[in-house]
Amino acid sequence: MDWKVFATVFGTVFLAELGDKTQLATVLFASRGPAALWTIFIVASFALVLTSAIGVGGGALVSQ
């Protein structure tokens, strides 16, 4: 694993995601009373992983 790439991608995506619509929507779901917080966390994480996978796949296709 290239740690420089890891740190660059992590830092860039982390800063870009702070305070965006996705985070605000997740806060909204979690604040709606007695909710299954682990379910919200897992589903929101899966959605972010899926959108990232689409971005990586699209980037790989464009670069070829």
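Author: Let's start with a term: buried means under 20% relative accessible area, exposed means over 50%, and partly exposed is in between, using a 1.4 Å probe and protein chains only. This is a predicted model, where local features need pLDDT of at least 70, side-chain atom pairs count only at pLDDT 80 or more, and totals for chains, interfaces and linings use all residues. Residues are numbered from 1 along each chain as its sequence is written, and side-chain values use heavy atoms, leaving out hydrogens and water.

Reader: Okay, why is Phe10 called exposed?

Author: Its relative accessible area is 51%, and the cut-off for exposed is over 50%, so Phe10 counts as exposed.

Reader: And what makes Phe6 partly exposed?

Author: Phe6 has a relative accessible area of 43%, which lies in between the 20% and 50% limits, so partly exposed is the right label.

Reader: How many aromatic pairs are there?

Author: Four. Rings of Phe, Tyr and Trp (its six-membered ring) pair if their centres lie within 6.5 Å; planes under 30 degrees apart are stacked, over 60 edge-to-face, and the rest tilted.

Reader: Why is the pair of Trp3 and Phe6 called edge-to-face?

Author: Their ring centres are 5.3 Å apart and their planes sit at 65°. That angle is over 60, so the pair is edge-to-face. Trp3 itself, at 59% relative accessibility, counts as exposed.

Reader: What makes Phe6 and Phe10 a stacked pair?

Author: They're 6.3 Å centre to centre with 5° between the planes, so they fit within 6.5 Å and under 30 degrees. Ring pairs link Trp3, Phe6, Phe10 and Phe14 into a cluster.
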